[in-house]
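Open the model in your viewer and keep the sequence panel visible. The stops below are given in the order in which to select them.

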Amino acid sequence: MLSAAALASIFGPLLEIGRRVLLVMACGLLVLAAARMSGRAIRERCTGPFIAAWAIGIVGVCAARIGFANLAFYGSPAMSRGLPDPLSGAEMWRLPIAIAVGSGILIALWLRRGRDAGATAASSREARSRRIGAAGEARVAVELKRIGLPALHNVVLWGAGWSVELDHVVRVPSGIVVLETKTLGGTIAGELDSPLWTQRTAGGVEVGRVDNPVLQNQAHVRAVEGFLGDLRVPICGYVVSAGRARFAPEIADAVIPVGDLSWVLSISFAEPNPRVLDAAWQRIEREAAKSGARRAAHEAHARRRREAFRLRRQA
(Lines give C-alpha, C1' and ligand atoms only; values in the text may rest on other atoms or scores of the structure.)
Protein backbone atom coordinates (compact mmCIF):
# COMPACT_ATOMS: atom_id res chain seq x y z
CA MET A 1 0.00 0.00 0.00
CA LEU A 2 1.35 3.40 -0.96
CA SER A 3 2.21 5.83 1.77
CA ALA A 4 0.68 9.25 2.14
CA ALA A 5 3.85 10.82 0.84
CA ALA A 6 3.80 8.63 -2.26
CA LEU A 7 0.13 9.44 -2.94
CA ALA A 8 0.84 13.12 -2.54
CA SER A 9 3.74 12.91 -4.95
CA ILE A 10 1.48 11.23 -7.55
CA PHE A 11 -1.82 13.07 -7.19
CA GLY A 12 -0.53 16.39 -5.97
CA PRO A 13 0.84 17.45 -9.37
CA LEU A 14 -2.30 16.07 -11.11
CA LEU A 15 -4.57 18.11 -8.88
CA GLU A 16 -2.39 21.15 -9.33
CA ILE A 17 -2.24 20.93 -13.11
CA GLY A 18 -5.90 19.80 -13.35
CA ARG A 19 -7.12 23.08 -11.86
CA ARG A 20 -5.10 24.98 -14.42
CA VAL A 21 -6.46 22.86 -17.29
CA LEU A 22 -10.05 23.40 -16.11
CA LEU A 23 -9.37 27.15 -15.90
CA VAL A 24 -8.09 27.21 -19.48
CA MET A 25 -11.11 25.17 -20.73
CA ALA A 26 -13.56 27.45 -18.90
CA CYS A 27 -11.89 30.52 -20.39
CA GLY A 28 -12.03 28.97 -23.85
CA LEU A 29 -15.78 28.35 -23.52
CA LEU A 30 -16.20 31.93 -22.30
CA VAL A 31 -14.38 33.24 -25.37
CA LEU A 32 -16.52 31.12 -27.71
CA ALA A 33 -19.73 32.37 -26.07
CA ALA A 34 -18.49 35.97 -26.30
CA ALA A 35 -17.59 35.52 -29.98
CA ARG A 36 -21.07 34.20 -30.72
CA MET A 37 -22.72 37.04 -28.81
CA SER A 38 -20.61 39.70 -30.51
CA GLY A 39 -21.24 38.16 -33.95
CA ARG A 40 -24.99 38.26 -33.42
CA ALA A 41 -24.75 41.83 -32.11
CA ILE A 42 -22.82 42.86 -35.24
CA ARG A 43 -25.44 41.26 -37.53
CA GLU A 44 -28.27 43.00 -35.67
CA ARG A 45 -26.23 46.23 -35.23
CA CYS A 46 -26.81 46.31 -31.45
CA THR A 47 -24.13 48.41 -29.77
CA GLY A 48 -24.85 47.58 -26.11
CA PRO A 49 -24.78 43.76 -26.40
CA PHE A 50 -21.66 43.99 -28.58
CA ILE A 51 -19.74 46.02 -25.96
CA ALA A 52 -20.75 43.54 -23.24
CA ALA A 53 -19.71 40.53 -25.36
CA TRP A 54 -16.45 42.22 -26.35
CA ALA A 55 -15.57 42.90 -22.70
CA ILE A 56 -16.34 39.30 -21.77
CA GLY A 57 -14.17 38.14 -24.66
CA ILE A 58 -11.23 40.30 -23.53
CA VAL A 59 -11.45 38.85 -20.01
CA GLY A 60 -11.67 35.30 -21.39
CA VAL A 61 -8.74 35.69 -23.78
CA CYS A 62 -6.49 37.26 -21.14
CA ALA A 63 -7.39 34.64 -18.55
CA ALA A 64 -6.85 31.82 -21.05
CA ARG A 65 -3.48 33.26 -22.07
CA ILE A 66 -2.40 33.45 -18.43
CA GLY A 67 -3.61 29.89 -17.91
CA PHE A 68 -1.62 28.61 -20.88
CA ALA A 69 1.44 30.49 -19.63
CA ASN A 70 1.05 28.94 -16.20
CA LEU A 71 0.72 25.47 -17.74
CA ALA A 72 3.92 26.02 -19.69
CA PHE A 73 5.66 27.40 -16.61
CA TYR A 74 4.50 24.54 -14.38
CA GLY A 75 7.31 22.02 -13.88
CA SER A 76 9.82 24.05 -15.90
CA PRO A 77 13.41 24.67 -14.71
CA ALA A 78 12.47 28.29 -14.01
CA MET A 79 9.76 27.12 -11.61
CA SER A 80 12.14 24.75 -9.86
CA ARG A 81 14.51 27.65 -9.25
CA GLY A 82 11.64 29.65 -7.69
CA LEU A 83 11.52 32.34 -10.36
CA PRO A 84 8.23 34.25 -10.88
CA ASP A 85 6.22 33.54 -14.03
CA PRO A 86 7.19 36.37 -16.41
CA LEU A 87 4.17 35.85 -18.71
CA SER A 88 1.58 36.45 -16.03
CA GLY A 89 2.82 39.90 -15.07
CA ALA A 90 0.67 42.95 -15.64
CA GLU A 91 3.23 44.59 -17.93
CA MET A 92 2.77 41.81 -20.51
CA TRP A 93 -0.95 42.58 -20.97
CA ARG A 94 -1.08 46.35 -21.21
CA LEU A 95 -0.56 46.56 -24.98
CA PRO A 96 -2.93 43.70 -26.06
CA ILE A 97 -5.64 44.90 -23.68
CA ALA A 98 -5.29 48.46 -24.97
CA ILE A 99 -5.53 47.20 -28.57
CA ALA A 100 -8.58 45.06 -27.76
CA VAL A 101 -10.38 47.87 -25.93
CA GLY A 102 -9.57 50.40 -28.65
CA SER A 103 -10.74 48.13 -31.46
CA GLY A 104 -13.91 47.32 -29.52
CA ILE A 105 -14.71 51.02 -29.17
CA LEU A 106 -14.15 51.59 -32.90
CA ILE A 107 -16.42 48.67 -33.85
CA ALA A 108 -19.09 49.89 -31.41
CA LEU A 109 -19.00 53.35 -32.98
CA TRP A 110 -19.29 51.79 -36.44
CA LEU A 111 -22.28 49.72 -35.31
CA ARG A 112 -23.99 52.78 -33.87
CA ARG A 113 -23.44 54.76 -37.05
CA GLY A 114 -24.65 51.86 -39.19
CA ARG A 115 -27.73 51.43 -37.03
CA ASP A 116 -28.59 55.11 -37.32
CA ALA A 117 -28.03 55.00 -41.08
CA GLY A 118 -30.17 51.86 -41.36
CA ALA A 119 -32.96 53.46 -39.35
CA THR A 120 -32.82 56.55 -41.59
CA ALA A 121 -32.93 54.41 -44.74
CA ALA A 122 -35.83 52.36 -43.38
CA SER A 123 -37.71 55.54 -42.49
CA SER A 124 -37.08 56.90 -45.99
CA ARG A 125 -38.34 53.68 -47.61
CA GLU A 126 -41.44 53.71 -45.42
CA ALA A 127 -42.16 57.35 -46.30
CA ARG A 128 -41.75 56.61 -50.01
CA SER A 129 -44.05 53.58 -49.72
CA ARG A 130 -46.64 55.73 -47.99
CA ARG A 131 -46.48 58.34 -50.76
CA ILE A 132 -46.90 55.71 -53.46
CA GLY A 133 -49.79 54.09 -51.57
CA ALA A 134 -51.51 57.43 -51.06
CA ALA A 135 -51.20 58.21 -54.78
CA GLY A 136 -52.82 54.88 -55.65
CA GLU A 137 -55.65 55.41 -53.18
CA ALA A 138 -56.24 58.89 -54.61
CA ARG A 139 -56.46 57.40 -58.10
CA VAL A 140 -59.11 54.91 -56.95
CA ALA A 141 -61.01 57.70 -55.15
CA VAL A 142 -61.09 59.73 -58.37
CA GLU A 143 -62.40 56.72 -60.28
CA LEU A 144 -65.14 56.09 -57.70
CA LYS A 145 -66.19 59.73 -57.95
CA ARG A 146 -66.32 59.41 -61.74
CA ILE A 147 -68.48 56.29 -61.44
CA GLY A 148 -70.85 58.23 -59.18
CA LEU A 149 -71.25 55.75 -56.30
CA PRO A 150 -71.35 56.83 -52.63
CA ALA A 151 -67.90 56.12 -51.19
CA LEU A 152 -65.96 56.69 -47.99
CA HIS A 153 -62.17 56.70 -47.84
CA ASN A 154 -59.60 55.79 -45.16
CA VAL A 155 -62.22 54.68 -42.66
CA VAL A 156 -60.81 53.63 -39.26
CA LEU A 157 -62.94 51.08 -37.43
CA TRP A 158 -62.10 50.86 -33.74
CA GLY A 159 -62.84 48.18 -31.17
CA ALA A 160 -61.58 46.73 -27.89
CA GLY A 161 -57.95 45.78 -28.61
CA TRP A 162 -58.21 46.07 -32.40
CA SER A 163 -58.43 48.61 -35.19
CA VAL A 164 -58.42 48.48 -38.98
CA GLU A 165 -58.23 51.10 -41.70
CA LEU A 166 -60.33 50.54 -44.79
CA ASP A 167 -59.01 52.18 -47.95
CA HIS A 168 -62.47 52.56 -49.51
CA VAL A 169 -66.01 51.58 -48.55
CA VAL A 170 -68.54 51.81 -51.40
CA ARG A 171 -72.30 51.56 -51.37
CA VAL A 172 -73.73 49.74 -54.37
CA PRO A 173 -77.34 48.67 -55.00
CA SER A 174 -76.60 45.10 -53.94
CA GLY A 175 -74.81 45.93 -50.66
CA ILE A 176 -71.52 47.31 -49.35
CA VAL A 177 -68.14 46.79 -51.01
CA VAL A 178 -64.81 47.05 -49.18
CA LEU A 179 -61.86 47.90 -51.42
CA GLU A 180 -58.17 47.37 -50.62
CA THR A 181 -55.86 49.35 -52.91
CA LYS A 182 -52.33 48.19 -53.75
CA THR A 183 -49.89 50.31 -55.74
CA LEU A 184 -47.11 47.91 -56.71
CA GLY A 185 -44.62 47.49 -59.52
CA GLY A 186 -42.75 44.59 -61.04
CA THR A 187 -44.11 41.04 -60.98
CA ILE A 188 -46.12 39.66 -58.04
CA ALA A 189 -46.37 35.92 -57.42
CA GLY A 190 -47.89 33.81 -54.68
CA GLU A 191 -50.87 31.71 -53.66
CA LEU A 192 -54.34 32.93 -52.74
CA ASP A 193 -54.05 31.40 -49.26
CA SER A 194 -50.38 32.20 -48.55
CA PRO A 195 -49.76 35.05 -46.05
CA LEU A 196 -47.05 36.68 -48.19
CA TRP A 197 -46.60 37.33 -51.90
CA THR A 198 -43.24 37.78 -53.60
CA GLN A 199 -42.37 40.94 -55.54
CA ARG A 200 -39.73 40.77 -58.29
CA THR A 201 -38.32 43.23 -60.78
CA ALA A 202 -38.88 42.86 -64.52
CA GLY A 203 -35.54 41.00 -64.61
CA GLY A 204 -36.73 38.46 -62.06
CA VAL A 205 -34.76 39.77 -59.06
CA GLU A 206 -36.67 39.45 -55.78
CA VAL A 207 -37.05 42.82 -54.09
CA GLY A 208 -39.28 41.93 -51.16
CA ARG A 209 -42.42 40.37 -49.77
CA VAL A 210 -45.85 41.94 -49.47
CA ASP A 211 -48.73 40.94 -47.25
CA ASN A 212 -51.38 39.00 -49.14
CA PRO A 213 -53.96 41.74 -49.83
CA VAL A 214 -56.72 39.18 -50.45
CA LEU A 215 -56.41 37.79 -46.91
CA GLN A 216 -55.98 41.33 -45.60
CA ASN A 217 -59.23 42.48 -47.20
CA GLN A 218 -61.08 39.38 -46.02
CA ALA A 219 -60.18 40.44 -42.48
CA HIS A 220 -61.47 43.93 -43.28
CA VAL A 221 -64.79 42.52 -44.51
CA ARG A 222 -65.14 40.53 -41.27
CA ALA A 223 -64.39 43.70 -39.31
CA VAL A 224 -67.20 45.56 -41.11
CA GLU A 225 -69.58 42.66 -40.50
CA GLY A 226 -68.71 42.68 -36.81
CA PHE A 227 -69.06 46.45 -36.61
CA LEU A 228 -72.53 46.43 -38.20
CA GLY A 229 -73.60 43.60 -35.91
CA ASP A 230 -77.38 43.27 -36.06
CA LEU A 231 -77.60 45.08 -39.40
CA ARG A 232 -77.32 42.12 -41.73
CA VAL A 233 -76.42 43.51 -45.13
CA PRO A 234 -74.49 41.82 -47.96
CA ILE A 235 -70.80 42.76 -47.89
CA CYS A 236 -68.07 41.79 -50.33
CA GLY A 237 -64.49 42.84 -50.86
CA TYR A 238 -62.14 43.39 -53.80
CA VAL A 239 -58.44 44.11 -54.16
CA VAL A 240 -57.73 46.95 -56.61
CA SER A 241 -54.37 47.36 -58.37
CA ALA A 242 -53.50 51.03 -58.87
CA GLY A 243 -49.90 50.37 -59.94
CA ARG A 244 -48.14 48.77 -62.90
CA ALA A 245 -47.54 45.37 -61.33
CA ARG A 246 -48.14 42.18 -63.27
CA PHE A 247 -49.69 39.38 -61.24
CA ALA A 248 -49.02 35.66 -61.68
CA PRO A 249 -51.88 33.61 -63.20
CA GLU A 250 -52.69 31.97 -59.84
CA ILE A 251 -53.64 35.33 -58.30
CA ALA A 252 -54.40 37.53 -61.30
CA ASP A 253 -58.17 36.97 -61.08
CA ALA A 254 -58.21 38.11 -57.44
CA VAL A 255 -56.89 41.59 -58.28
CA ILE A 256 -58.92 44.18 -60.21
CA PRO A 257 -57.26 46.87 -62.35
CA VAL A 258 -58.57 50.38 -61.71
CA GLY A 259 -59.94 50.50 -65.26
CA ASP A 260 -62.24 47.51 -64.57
CA LEU A 261 -63.64 48.93 -61.33
CA SER A 262 -66.78 50.38 -62.90
CA TRP A 263 -67.69 47.06 -64.48
CA VAL A 264 -66.98 45.02 -61.34
CA LEU A 265 -69.02 47.30 -59.09
CA SER A 266 -71.98 47.05 -61.45
CA ILE A 267 -72.23 43.28 -60.87
CA SER A 268 -75.11 42.43 -58.53
CA PHE A 269 -74.20 39.97 -55.77
CA ALA A 270 -77.32 40.18 -53.52
CA GLU A 271 -80.74 41.80 -53.00
CA PRO A 272 -80.57 43.61 -49.66
CA ASN A 273 -83.38 45.21 -47.68
CA PRO A 274 -83.13 48.90 -48.71
CA ARG A 275 -84.08 50.12 -45.23
CA VAL A 276 -81.40 47.96 -43.54
CA LEU A 277 -78.83 49.02 -46.15
CA ASP A 278 -79.60 52.69 -45.44
CA ALA A 279 -79.15 52.16 -41.70
CA ALA A 280 -75.88 50.29 -42.21
CA TRP A 281 -74.48 52.98 -44.47
CA GLN A 282 -75.42 55.74 -42.04
CA ARG A 283 -73.63 53.87 -39.25
CA ILE A 284 -70.48 53.58 -41.35
CA GLU A 285 -70.70 57.28 -42.26
CA ARG A 286 -70.79 58.21 -38.57
CA GLU A 287 -67.74 56.02 -37.97
CA ALA A 288 -65.91 57.58 -40.91
CA ALA A 289 -66.44 61.03 -39.36
CA LYS A 290 -64.44 59.87 -36.30
CA SER A 291 -61.56 58.43 -38.35
CA GLY A 292 -59.41 61.58 -38.36
CA ALA A 293 -59.24 61.71 -34.56
CA ARG A 294 -58.42 58.00 -34.36
CA ARG A 295 -55.75 57.82 -37.05
CA ALA A 296 -52.71 58.51 -34.85
CA ALA A 297 -53.75 55.85 -32.33
CA HIS A 298 -54.50 53.39 -35.13
CA GLU A 299 -51.08 53.93 -36.73
CA ALA A 300 -49.34 53.36 -33.37
CA HIS A 301 -51.37 50.17 -32.91
CA ALA A 302 -50.44 49.00 -36.42
CA ARG A 303 -46.72 49.66 -35.78
CA ARG A 304 -46.83 47.56 -32.59
CA ARG A 305 -48.50 44.73 -34.49
CA ARG A 306 -45.91 44.82 -37.27
CA GLU A 307 -43.06 44.84 -34.75
CA ALA A 308 -44.57 41.89 -32.85
CA PHE A 309 -45.00 40.00 -36.14
CA ARG A 310 -41.40 40.73 -37.11
CA LEU A 311 -40.10 39.46 -33.79
CA ARG A 312 -42.17 36.27 -34.11
CA ARG A 313 -40.70 35.63 -37.56
CA GLN A 314 -37.14 36.12 -36.26
CA ALA A 315 -37.66 33.83 -33.25
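Select E285, which sits in helix 8 (residues 274-289); helices (H or I, at least four residues) and strands (E, at least two) are DSSP runs, numbered from the N terminus. This is a predicted model, in which local features need pLDDT of at least 70, side-chain atom pairs count only at pLDDT 80 or more, and totals for chains, interfaces and linings use all residues. Residues are numbered from 1 along each chain as its sequence is written, and side-chain values use heavy atoms, with hydrogens and water left out.

E285 is partly exposed because its relative accessibility is 38% (buried is under 20% relative accessible area, exposed over 50%, partly exposed in between; 1.4 Å probe, protein chains only). Add L152: its C-alpha lies 7.5 Å from that of E285, although 133 residues separate the two in sequence.

Next, select helix 5 (residues 213-228), where the end C-alpha atoms are 22 Å apart, in agreement with the 22 Å expected for 16 residues (1.5 Å times one less than the number of residues). Its buried residues include P213, N217, H220 and F227. At the N-terminal end, N212 acts as the cap, with a side-chain oxygen 2.9 Å from the backbone nitrogen of V214. After the helix comes G229, with a positive phi near 60°.

Where is the one aromatic pair in the structure? Select W197 and F247: their ring centres are 6.5 Å apart and their planes at 75°, so the pair is edge-to-face (centres within 6.5 Å, using the six-membered ring of Trp; planes under 30 degrees apart are stacked, over 60 edge-to-face, the rest tilted). W197 belongs to strand 5 (residues 196-200) and F247 to strand 8 (residues 246-247), so the pair ties together parts 50 residues apart in sequence. W197 is buried, at 0% relative accessible area.

Conventions:
A polar contact is a pair of N or O atoms within 3.5 Å; within protein, one must be able to donate a hydrogen and the other to accept it, and residues adjacent in sequence count only if both atoms are side-chain atoms.
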